[in-house]
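Welcome! Take a moment to look over the sequence and turn the model around before reading on.

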Amino acid sequence: MSNFLEIKKKIRSFNKEINVSGDKSLSIRWVLLASQATGKSKAYNLLMSEDVLAAMDAIKKLGIKVNIHKNYCEIFGNGINGFKYKKNLTINAKNSGTLGRLLLGLLIKSPQEIRLIGDRSLSKRDFSRVTLPLQKFGAKFNYKIEGKLPLSILGSQSAKGIKYLENKGSAQCKSSIMLAALNSSGTTLIKAKKSRDHSELLFKYLKIPIRIKKTKKYDFIDIKQPEKIKSFNYQIPGDISSSAFFMVLTTLSKNSSLLIKNVNINPSRTGVIIILKKMGAKIFLKNQKSYRGEKIADILIKSSNNLKAINCPSKLNSSAIDEFLIIFLVAAKAKGISHFKDMSELNQKESPRLNWGSQILNMMGIKTRLTKNSIKIYGKPNLEITKPIIIKNYLKDHRIFMMSTIAALTCGGQWKIHDKDSINTSFPSFLKIVKKIDNRAL
Ligand code: S3P
(Lines give C-alpha, C1' and ligand atoms only; values in the text may rest on other atoms or scores of the structure.)
Protein backbone atom coordinates (compact mmCIF):
# COMPACT_ATOMS: atom_id res chain seq x y z
CA MET A 1 0.00 0.00 0.00
CA SER A 2 1.21 3.49 -0.80
CA ASN A 3 2.50 5.49 2.10
CA PHE A 4 1.05 8.82 1.04
CA LEU A 5 -2.41 10.35 1.08
CA GLU A 6 -3.89 12.42 -1.73
CA ILE A 7 -6.79 14.74 -0.99
CA LYS A 8 -8.48 16.69 -3.77
CA LYS A 9 -11.79 17.73 -2.28
CA LYS A 10 -13.25 19.15 0.88
CA ILE A 11 -15.22 17.00 3.30
CA ARG A 12 -19.03 17.20 2.89
CA SER A 13 -21.27 18.52 5.67
CA PHE A 14 -21.77 16.00 8.46
CA ASN A 15 -23.62 15.34 11.66
CA LYS A 16 -21.93 12.43 13.41
CA GLU A 17 -20.86 10.84 16.67
CA ILE A 18 -17.37 9.37 17.15
CA ASN A 19 -15.05 7.89 19.77
CA VAL A 20 -11.35 8.67 19.63
CA SER A 21 -8.76 6.22 20.97
CA GLY A 22 -7.35 6.18 24.51
CA ASP A 23 -5.27 9.01 25.94
CA LYS A 24 -1.56 8.60 25.12
CA SER A 25 -0.19 10.24 28.27
CA LEU A 26 -2.39 8.11 30.53
CA SER A 27 -1.71 4.93 28.54
CA ILE A 28 2.08 5.26 28.87
CA ARG A 29 1.81 6.21 32.55
CA TRP A 30 -0.45 3.21 33.24
CA VAL A 31 2.09 0.84 31.61
CA LEU A 32 5.02 2.26 33.58
CA LEU A 33 3.22 2.46 36.93
CA ALA A 34 1.65 -1.01 36.52
CA SER A 35 5.20 -2.34 36.03
CA GLN A 36 6.07 -0.99 39.51
CA ALA A 37 2.92 -2.29 41.20
CA THR A 38 2.76 -5.67 42.88
CA GLY A 39 0.60 -8.14 40.95
CA LYS A 40 -1.82 -8.01 38.04
CA SER A 41 -3.12 -4.67 36.71
CA LYS A 42 -5.61 -4.36 33.86
CA ALA A 43 -6.30 -1.48 31.47
CA TYR A 44 -9.30 -1.04 29.21
CA ASN A 45 -9.27 1.20 26.12
CA LEU A 46 -5.47 1.39 26.30
CA LEU A 47 -4.16 3.22 23.24
CA MET A 48 -2.73 0.58 20.90
CA SER A 49 -0.31 2.88 19.11
CA GLU A 50 3.42 2.53 18.48
CA ASP A 51 4.37 4.76 21.43
CA VAL A 52 2.38 2.62 23.87
CA LEU A 53 3.46 -0.68 22.29
CA ALA A 54 7.06 0.54 22.67
CA ALA A 55 6.36 1.14 26.38
CA MET A 56 5.05 -2.41 26.73
CA ASP A 57 8.07 -3.80 24.87
CA ALA A 58 10.37 -1.82 27.16
CA ILE A 59 8.95 -3.24 30.38
CA LYS A 60 8.85 -6.74 28.85
CA LYS A 61 12.60 -6.45 28.25
CA LEU A 62 12.90 -5.43 31.89
CA GLY A 63 11.36 -8.75 32.94
CA ILE A 64 7.70 -7.76 33.31
CA LYS A 65 4.98 -10.01 31.93
CA VAL A 66 2.49 -8.30 29.61
CA ASN A 67 -0.62 -9.86 28.04
CA ILE A 68 -2.52 -8.05 25.32
CA HIS A 69 -6.13 -9.22 24.92
CA LYS A 70 -8.78 -8.01 22.50
CA ASN A 71 -10.52 -5.66 24.94
CA TYR A 72 -7.97 -5.17 27.67
CA CYS A 73 -4.34 -5.46 28.57
CA GLU A 74 -2.71 -7.05 31.64
CA ILE A 75 0.60 -6.24 33.28
CA PHE A 76 2.06 -8.39 36.05
CA GLY A 77 4.11 -5.89 38.07
CA ASN A 78 7.10 -7.01 40.06
CA GLY A 79 7.10 -4.25 42.67
CA ILE A 80 9.12 -1.06 42.96
CA ASN A 81 12.60 -1.50 41.47
CA GLY A 82 11.59 -5.06 40.54
CA PHE A 83 13.00 -5.09 37.01
CA LYS A 84 15.05 -8.17 36.07
CA TYR A 85 17.13 -8.20 32.93
CA LYS A 86 20.28 -9.55 31.32
CA LYS A 87 23.52 -7.68 30.60
CA ASN A 88 23.86 -5.46 27.52
CA LEU A 89 20.18 -4.57 27.37
CA THR A 90 19.05 -2.06 24.74
CA ILE A 91 15.62 -0.45 24.94
CA ASN A 92 14.08 1.34 21.97
CA ALA A 93 11.77 4.24 22.84
CA LYS A 94 11.09 4.68 19.10
CA ASN A 95 9.32 8.04 18.58
CA SER A 96 8.23 8.58 22.16
CA GLY A 97 9.74 11.37 24.26
CA THR A 98 7.30 10.51 27.04
CA LEU A 99 8.46 6.89 27.15
CA GLY A 100 12.18 7.68 26.86
CA ARG A 101 12.17 10.39 29.50
CA LEU A 102 9.80 8.75 32.00
CA LEU A 103 11.46 5.34 31.74
CA LEU A 104 14.86 6.80 32.67
CA GLY A 105 13.26 7.89 35.96
CA LEU A 106 12.45 4.25 36.71
CA LEU A 107 16.00 3.10 35.95
CA ILE A 108 17.96 5.20 38.47
CA LYS A 109 18.78 2.07 40.48
CA SER A 110 19.55 -0.22 37.54
CA PRO A 111 22.56 -2.34 38.59
CA GLN A 112 23.80 -2.77 35.02
CA GLU A 113 24.15 -0.36 32.15
CA ILE A 114 21.05 -0.08 29.95
CA ARG A 115 21.21 1.53 26.52
CA LEU A 116 18.33 3.72 25.40
CA ILE A 117 17.82 4.37 21.70
CA GLY A 118 15.08 5.99 19.63
CA ASP A 119 14.11 6.78 16.04
CA ARG A 120 15.55 9.65 13.98
CA SER A 121 13.16 12.21 15.44
CA LEU A 122 13.73 11.19 19.08
CA SER A 123 17.50 11.10 18.53
CA LYS A 124 17.39 14.81 17.70
CA ARG A 125 15.58 15.71 20.93
CA ASP A 126 17.04 16.94 24.20
CA PHE A 127 17.52 14.36 26.93
CA SER A 128 19.78 16.48 29.16
CA ARG A 129 16.57 17.99 30.53
CA VAL A 130 16.06 14.69 32.39
CA THR A 131 19.58 13.26 32.65
CA LEU A 132 20.88 16.34 34.53
CA PRO A 133 18.36 16.09 37.39
CA LEU A 134 18.51 12.26 37.36
CA GLN A 135 22.28 12.49 37.92
CA LYS A 136 21.52 14.21 41.21
CA PHE A 137 19.93 10.94 42.38
CA GLY A 138 23.29 9.24 41.71
CA ALA A 139 22.58 7.76 38.25
CA LYS A 140 25.39 7.92 35.66
CA PHE A 141 24.91 8.59 31.95
CA ASN A 142 27.06 8.02 28.91
CA TYR A 143 26.42 9.52 25.49
CA LYS A 144 28.15 9.94 22.18
CA ILE A 145 26.60 13.38 21.78
CA GLU A 146 25.95 15.18 25.07
CA GLY A 147 22.28 15.03 26.04
CA LYS A 148 21.17 13.02 22.99
CA LEU A 149 20.16 9.41 22.30
CA PRO A 150 21.64 6.86 22.09
CA LEU A 151 22.68 7.02 25.73
CA SER A 152 23.26 4.55 28.51
CA ILE A 153 22.25 4.74 32.14
CA LEU A 154 23.85 3.06 35.13
CA GLY A 155 21.90 3.39 38.35
CA SER A 156 23.01 3.87 41.92
CA GLN A 157 21.91 1.62 44.80
CA SER A 158 22.04 4.54 47.22
CA ALA A 159 19.68 6.85 45.29
CA LYS A 160 18.38 9.56 47.61
CA GLY A 161 15.57 12.08 47.14
CA ILE A 162 16.52 15.39 45.53
CA LYS A 163 15.31 18.96 45.23
CA TYR A 164 14.35 19.83 41.66
CA LEU A 165 13.20 22.95 39.88
CA GLU A 166 11.25 22.27 36.65
CA ASN A 167 11.15 25.53 34.78
CA LYS A 168 10.04 24.66 31.24
CA GLY A 169 6.50 23.55 32.01
CA SER A 170 7.39 20.02 30.89
CA ALA A 171 5.25 17.20 32.28
CA GLN A 172 7.76 14.69 30.94
CA CYS A 173 10.56 16.18 33.05
CA LYS A 174 8.35 16.48 36.13
CA SER A 175 7.07 12.90 35.73
CA SER A 176 10.54 11.45 35.15
CA ILE A 177 11.66 12.88 38.51
CA MET A 178 8.42 11.74 40.17
CA LEU A 179 9.07 8.17 38.99
CA ALA A 180 12.68 8.38 40.17
CA ALA A 181 11.33 9.43 43.59
CA LEU A 182 9.61 6.03 43.84
CA ASN A 183 13.05 4.42 43.84
CA SER A 184 14.86 6.78 46.19
CA SER A 185 15.08 6.97 49.95
CA GLY A 186 13.92 10.12 51.69
CA THR A 187 11.77 12.81 50.14
CA THR A 188 11.94 14.37 46.68
CA LEU A 189 10.89 18.01 46.53
CA ILE A 190 9.77 19.35 43.15
CA LYS A 191 8.91 22.91 42.21
CA ALA A 192 7.35 22.65 38.75
CA LYS A 193 5.94 25.19 36.33
CA LYS A 194 2.35 24.26 35.45
CA SER A 195 2.02 21.25 33.13
CA ARG A 196 -0.31 18.28 32.71
CA ASP A 197 -0.87 16.57 36.07
CA HIS A 198 -1.80 12.97 35.17
CA SER A 199 1.17 11.59 37.13
CA GLU A 200 0.14 13.48 40.28
CA LEU A 201 -3.46 12.24 39.99
CA LEU A 202 -2.29 8.65 39.51
CA PHE A 203 0.12 8.88 42.46
CA LYS A 204 -2.75 10.17 44.63
CA TYR A 205 -5.09 7.44 43.45
CA LEU A 206 -2.41 4.82 44.14
CA LYS A 207 -1.87 6.23 47.66
CA ILE A 208 1.78 6.96 46.98
CA PRO A 209 2.81 9.52 49.66
CA ILE A 210 2.53 12.76 47.69
CA ARG A 211 1.74 16.31 48.83
CA ILE A 212 0.91 19.03 46.34
CA LYS A 213 0.66 22.75 46.96
CA LYS A 214 -0.53 24.78 43.97
CA THR A 215 0.31 28.41 43.38
CA LYS A 216 -0.55 30.49 40.33
CA LYS A 217 2.54 29.60 38.29
CA TYR A 218 4.17 26.69 40.09
CA ASP A 219 3.17 23.46 41.80
CA PHE A 220 5.18 22.31 44.82
CA ILE A 221 5.24 18.52 45.00
CA ASP A 222 6.74 16.38 47.80
CA ILE A 223 7.04 12.64 47.28
CA LYS A 224 8.17 10.00 49.76
CA GLN A 225 9.15 6.52 48.67
CA PRO A 226 6.16 4.17 49.13
CA GLU A 227 6.66 0.69 50.55
CA LYS A 228 4.56 -0.85 47.84
CA ILE A 229 2.21 0.11 45.01
CA LYS A 230 -1.00 -1.91 44.81
CA SER A 231 -1.92 -3.26 41.38
CA PHE A 232 -4.74 -1.31 39.75
CA ASN A 233 -7.24 -1.46 36.93
CA TYR A 234 -7.85 1.59 34.76
CA GLN A 235 -10.33 2.59 32.06
CA ILE A 236 -8.43 4.99 29.79
CA PRO A 237 -10.61 7.88 28.53
CA GLY A 238 -10.38 9.31 24.99
CA ASP A 239 -7.45 11.58 24.11
CA ILE A 240 -8.21 15.31 23.88
CA SER A 241 -5.16 15.79 21.64
CA SER A 242 -6.60 13.33 19.13
CA SER A 243 -10.05 14.90 19.52
CA ALA A 244 -8.61 18.34 18.72
CA PHE A 245 -8.17 17.44 15.02
CA PHE A 246 -11.88 16.64 14.80
CA MET A 247 -12.88 19.73 16.78
CA VAL A 248 -11.13 21.80 14.12
CA LEU A 249 -12.47 19.69 11.24
CA THR A 250 -15.99 20.49 12.45
CA THR A 251 -15.30 24.13 13.29
CA LEU A 252 -13.99 24.76 9.76
CA SER A 253 -16.61 22.68 7.88
CA LYS A 254 -19.94 24.12 6.75
CA ASN A 255 -23.26 23.17 8.44
CA SER A 256 -21.76 20.32 10.44
CA SER A 257 -21.79 19.01 13.97
CA LEU A 258 -19.89 16.30 15.78
CA LEU A 259 -20.17 14.62 19.18
CA ILE A 260 -16.94 13.14 20.50
CA LYS A 261 -17.73 10.72 23.30
CA ASN A 262 -15.88 10.14 26.54
CA VAL A 263 -12.87 12.44 26.27
CA ASN A 264 -10.43 13.30 29.05
CA ILE A 265 -10.94 16.98 29.81
CA ASN A 266 -8.37 17.31 32.58
CA PRO A 267 -8.06 21.12 33.05
CA SER A 268 -4.28 20.89 32.46
CA ARG A 269 -5.09 19.67 28.91
CA THR A 270 -8.05 21.82 27.84
CA GLY A 271 -6.16 24.84 26.52
CA VAL A 272 -7.31 23.94 23.01
CA ILE A 273 -10.97 24.30 23.97
CA ILE A 274 -10.36 27.64 25.70
CA ILE A 275 -8.35 29.00 22.76
CA LEU A 276 -10.77 27.80 20.06
CA LYS A 277 -13.76 29.19 21.97
CA LYS A 278 -12.01 32.57 22.31
CA MET A 279 -11.63 32.47 18.52
CA GLY A 280 -15.34 31.88 18.04
CA ALA A 281 -15.57 28.09 17.87
CA LYS A 282 -18.76 26.48 19.11
CA ILE A 283 -17.72 23.81 21.59
CA PHE A 284 -19.90 22.45 24.40
CA LEU A 285 -19.10 19.95 27.17
CA LYS A 286 -21.82 17.41 27.95
CA ASN A 287 -22.19 14.62 30.45
CA GLN A 288 -19.27 15.69 32.65
CA LYS A 289 -18.03 13.17 35.20
CA SER A 290 -14.97 12.33 37.28
CA TYR A 291 -12.88 9.21 37.14
CA ARG A 292 -10.01 8.71 39.60
CA GLY A 293 -9.26 12.40 39.73
CA GLU A 294 -9.52 12.87 35.93
CA LYS A 295 -12.44 14.73 34.34
CA ILE A 296 -14.29 13.22 31.41
CA ALA A 297 -16.97 14.61 29.10
CA ASP A 298 -18.59 14.28 25.69
CA ILE A 299 -17.56 17.19 23.45
CA LEU A 300 -20.10 18.66 21.05
CA ILE A 301 -18.75 20.86 18.24
CA LYS A 302 -20.70 22.85 15.64
CA SER A 303 -19.45 24.66 12.55
CA SER A 304 -18.47 28.24 13.01
CA ASN A 305 -18.54 30.85 10.27
CA ASN A 306 -17.34 33.73 12.38
CA LEU A 307 -13.80 33.05 13.52
CA LYS A 308 -11.63 35.83 14.87
CA ALA A 309 -7.90 36.14 15.49
CA ILE A 310 -6.43 35.63 18.95
CA ASN A 311 -3.60 37.20 20.89
CA CYS A 312 -3.02 33.95 22.73
CA PRO A 313 -2.13 34.35 26.43
CA SER A 314 1.14 32.47 27.10
CA LYS A 315 -0.32 31.03 30.27
CA LEU A 316 -2.40 28.71 28.03
CA ASN A 317 0.67 27.33 26.24
CA SER A 318 1.30 24.30 28.43
CA SER A 319 -2.35 23.17 28.47
CA ALA A 320 -2.48 23.26 24.64
CA ILE A 321 1.12 22.29 23.89
CA ASP A 322 0.28 19.41 21.53
CA GLU A 323 -2.51 21.30 19.77
CA PHE A 324 -0.81 24.40 18.39
CA LEU A 325 -0.40 23.06 14.84
CA ILE A 326 -4.14 22.54 14.54
CA ILE A 327 -4.86 25.84 16.33
CA PHE A 328 -2.63 27.61 13.76
CA LEU A 329 -4.93 26.23 11.07
CA VAL A 330 -7.91 27.92 12.71
CA ALA A 331 -5.90 31.15 12.91
CA ALA A 332 -5.29 30.83 9.14
CA LYS A 333 -9.07 30.97 8.57
CA ALA A 334 -9.82 33.60 11.21
CA LYS A 335 -10.36 37.30 10.63
CA GLY A 336 -7.34 39.33 11.72
CA ILE A 337 -3.78 38.67 12.85
CA SER A 338 -3.26 36.02 15.51
CA HIS A 339 -0.22 36.12 17.77
CA PHE A 340 1.27 33.17 19.70
CA LYS A 341 4.20 33.93 22.03
CA ASP A 342 6.73 32.09 24.25
CA MET A 343 6.54 29.06 22.01
CA SER A 344 10.15 27.83 22.09
CA GLU A 345 9.05 24.44 23.52
CA LEU A 346 7.08 23.85 20.31
CA ASN A 347 10.33 23.44 18.41
CA GLN A 348 11.37 20.70 20.90
CA LYS A 349 8.67 18.26 19.77
CA GLU A 350 8.72 15.30 17.34
CA SER A 351 9.65 17.89 14.70
CA PRO A 352 10.31 21.64 15.06
CA ARG A 353 6.58 22.32 15.03
CA LEU A 354 6.67 26.10 15.25
CA ASN A 355 8.74 26.24 12.05
CA TRP A 356 6.71 23.54 10.34
CA GLY A 357 3.39 25.14 11.24
CA SER A 358 4.57 28.38 9.66
CA GLN A 359 5.88 26.60 6.57
CA ILE A 360 2.63 24.70 5.93
CA LEU A 361 0.56 27.88 6.31
CA ASN A 362 2.88 29.63 3.85
CA MET A 363 2.37 26.80 1.34
CA MET A 364 -1.36 27.37 1.76
CA GLY A 365 -0.97 31.02 0.87
CA ILE A 366 -1.11 32.39 4.42
CA LYS A 367 1.36 35.03 5.51
CA THR A 368 3.19 34.44 8.79
CA ARG A 369 5.82 36.25 10.79
CA LEU A 370 8.03 33.78 12.61
CA THR A 371 10.64 34.31 15.31
CA LYS A 372 12.51 31.74 17.40
CA ASN A 373 9.68 31.58 19.87
CA SER A 374 6.64 33.31 18.39
CA ILE A 375 4.43 33.42 15.34
CA LYS A 376 1.99 35.91 13.87
CA ILE A 377 -0.59 34.46 11.49
CA TYR A 378 -2.41 36.71 9.02
CA GLY A 379 -5.79 35.03 8.72
CA LYS A 380 -7.81 34.79 5.48
CA PRO A 381 -11.43 33.79 6.16
CA ASN A 382 -12.04 33.32 2.41
CA LEU A 383 -8.86 31.38 1.75
CA GLU A 384 -8.84 29.47 -1.57
CA ILE A 385 -5.80 27.27 -2.14
CA THR A 386 -4.60 27.44 -5.73
CA LYS A 387 -1.19 25.72 -5.82
CA PRO A 388 -0.73 21.96 -5.28
CA ILE A 389 0.74 21.21 -1.84
CA ILE A 390 3.20 18.43 -1.04
CA ILE A 391 4.03 17.68 2.59
CA LYS A 392 7.15 15.54 3.06
CA ASN A 393 10.40 15.15 5.02
CA TYR A 394 8.81 16.27 8.26
CA LEU A 395 10.50 13.63 10.50
CA LYS A 396 7.25 11.63 10.35
CA ASP A 397 5.68 13.88 12.96
CA HIS A 398 2.20 12.37 13.42
CA ARG A 399 0.63 15.71 14.27
CA ILE A 400 1.95 17.30 11.06
CA PHE A 401 0.32 14.55 9.03
CA MET A 402 -3.01 14.98 10.82
CA MET A 403 -2.96 18.78 10.69
CA SER A 404 -2.25 18.64 6.95
CA THR A 405 -5.11 16.20 6.40
CA ILE A 406 -7.55 18.47 8.24
CA ALA A 407 -6.23 21.49 6.29
CA ALA A 408 -6.85 19.67 3.00
CA LEU A 409 -10.35 18.55 4.02
CA THR A 410 -11.40 22.04 5.11
CA CYS A 411 -9.49 24.46 2.87
CA GLY A 412 -9.50 22.56 -0.41
CA GLY A 413 -6.67 22.46 -2.96
CA GLN A 414 -4.71 19.46 -4.17
CA TRP A 415 -2.65 17.83 -1.45
CA LYS A 416 -0.16 14.99 -1.37
CA ILE A 417 0.83 14.15 2.20
CA HIS A 418 3.68 11.67 2.60
CA ASP A 419 4.41 9.22 5.42
CA LYS A 420 0.85 8.18 6.13
CA ASP A 421 2.09 5.58 8.63
CA SER A 422 3.20 8.38 10.97
CA ILE A 423 -0.31 8.30 12.50
CA ASN A 424 0.52 4.92 14.05
CA THR A 425 2.54 6.78 16.67
CA SER A 426 -0.48 8.23 18.47
CA PHE A 427 -3.70 7.68 16.55
CA PRO A 428 -3.76 4.65 14.20
CA SER A 429 -7.54 4.95 13.62
CA PHE A 430 -7.36 8.63 12.54
CA LEU A 431 -8.12 8.03 8.85
CA LYS A 432 -10.79 5.41 9.62
CA ILE A 433 -12.61 8.03 11.70
CA VAL A 434 -12.36 10.58 8.87
CA LYS A 435 -13.99 7.97 6.61
CA LYS A 436 -16.66 7.29 9.23
CA ILE A 437 -17.50 11.00 9.16
CA ASP A 438 -17.66 11.07 5.34
CA ASN A 439 -17.15 7.78 3.50
CA ARG A 440 -16.25 9.64 0.31
CA ALA A 441 -13.78 12.01 1.97
CA LEU A 442 -10.52 10.17 1.17
C1 S3P B 1 3.57 14.68 27.55
C2 S3P B 1 4.06 15.93 27.81
C3 S3P B 1 4.30 16.94 26.78
C4 S3P B 1 3.59 16.58 25.48
C5 S3P B 1 3.76 15.15 25.11
C6 S3P B 1 3.22 14.25 26.19
C7 S3P B 1 3.38 13.75 28.67
O8 S3P B 1 5.68 17.03 26.53
O9 S3P B 1 4.06 17.41 24.44
O10 S3P B 1 3.10 14.86 23.90
O11 S3P B 1 2.68 12.73 28.50
O12 S3P B 1 3.91 14.02 29.76
P13 S3P B 1 6.66 17.98 27.39
O14 S3P B 1 6.72 17.44 28.76
O15 S3P B 1 7.98 17.91 26.70
O16 S3P B 1 6.03 19.35 27.32
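How far does a backbone N or O atom of Gln-172 lie from an oxygen atom of the ligand? The distance is 2.8 Å. Keep in mind as you explore that this is a predicted model.

## Around the ligand

Gln-172 has company. Its neighbour in the sequence, Ala-171, also offers a backbone N or O atom, placed 3.0 Å from a ligand oxygen. Arg-29 takes part through its side chain instead, with an N or O atom 2.7 Å from an oxygen of the ligand. When the ligand is taken alone, 390 Å² of it is exposed, and the protein buries 95% of that area.

The full set of surrounding residues is Ser-25, Arg-29, Thr-98, Arg-101, Ser-170, Ala-171, Gln-172, Arg-196, Ile-321, Asp-322 and Lys-349. Sorted by character, this shell contains five charged residues, four polar ones and two nonpolar ones.

## Where the ligand sits

Now step back a little from the individual atoms. The ligand is found in the largest pocket. Three helices each give at least two residues to the shell: α1 (24-36), α3 (97-106) and α6 (171-182). Try finding each of these helices in the picture and following it to the ligand.

## A link between distant parts

How many salt bridges does a search of the whole structure find? There are 19. One to look for joins the side chains of Arg-12 and Asp-438, with 2.6 Å from N to O. Arg-12 belongs to the loop between β1 (4-7) and β2 (15-19), while Asp-438 is in the segment that follows α13 (430-437), so this pair ties together parts 426 residues apart in sequence.

## Backbone surprises

Some backbone details deserve a look too. Most peptide bonds are trans, and most residues other than glycine have a negative phi. Against that background, the bond joining Leu-149 and Pro-150 is cis, with an omega of about -5 degrees. You can find Pro-150 in the loop between β8 (140-143) and β9 (151-154).

Which way does phi go at Asp-342, positive or negative? Phi is positive there, near 50 degrees, in a residue other than glycine. Asp-342 is placed in the loop between β19 (337-340) and α11 (353-363). Asp-419 also has a positive phi, near 55 degrees, and its place is in the loop between β23 (415-418) and α13.

Methods: Residues are numbered from 1 along each chain as its sequence is written. This is a predicted model: local features need pLDDT of at least 70, side-chain atom pairs count only at pLDDT 80 or more; totals for chains, interfaces and linings use all residues. Side-chain values use heavy atoms; hydrogens and water are left out. A residue is near a molecule or strand if one of its heavy atoms lies within 4 Å of it. A polar contact is a pair of N or O atoms within 3.5 Å; within protein, one must be able to donate a hydrogen and the other to accept it, and residues adjacent in sequence count only if both atoms are side-chain atoms. Accessible areas come from the Shrake-Rupley method with a 1.4 Å probe; for residues, only the protein chains shown count as cover. On a 1 Å grid over the protein atoms alone, a cavity is a set of points where a 1.4 Å probe fits but cannot get out, and a pocket is an open set with protein on both sides within 12 Å along at least five of seven lines; lining residues have an atom within 4 Å of a point. A molecule sits in a cavity or pocket if more than half of its atoms lie within 2 Å of its grid points. Helices (H or I, at least four residues) and strands (E, at least two) are DSSP runs, numbered from the N terminus. Ala, Val, Leu, Ile, Met, Phe, Trp, Tyr, Cys and Pro count as nonpolar, Asp, Glu, Lys and Arg as charged, and the others, Gly among them, as polar. A salt bridge is a side-chain nitrogen of Lys or Arg within 4 Å of a carboxyl oxygen of Asp or Glu.
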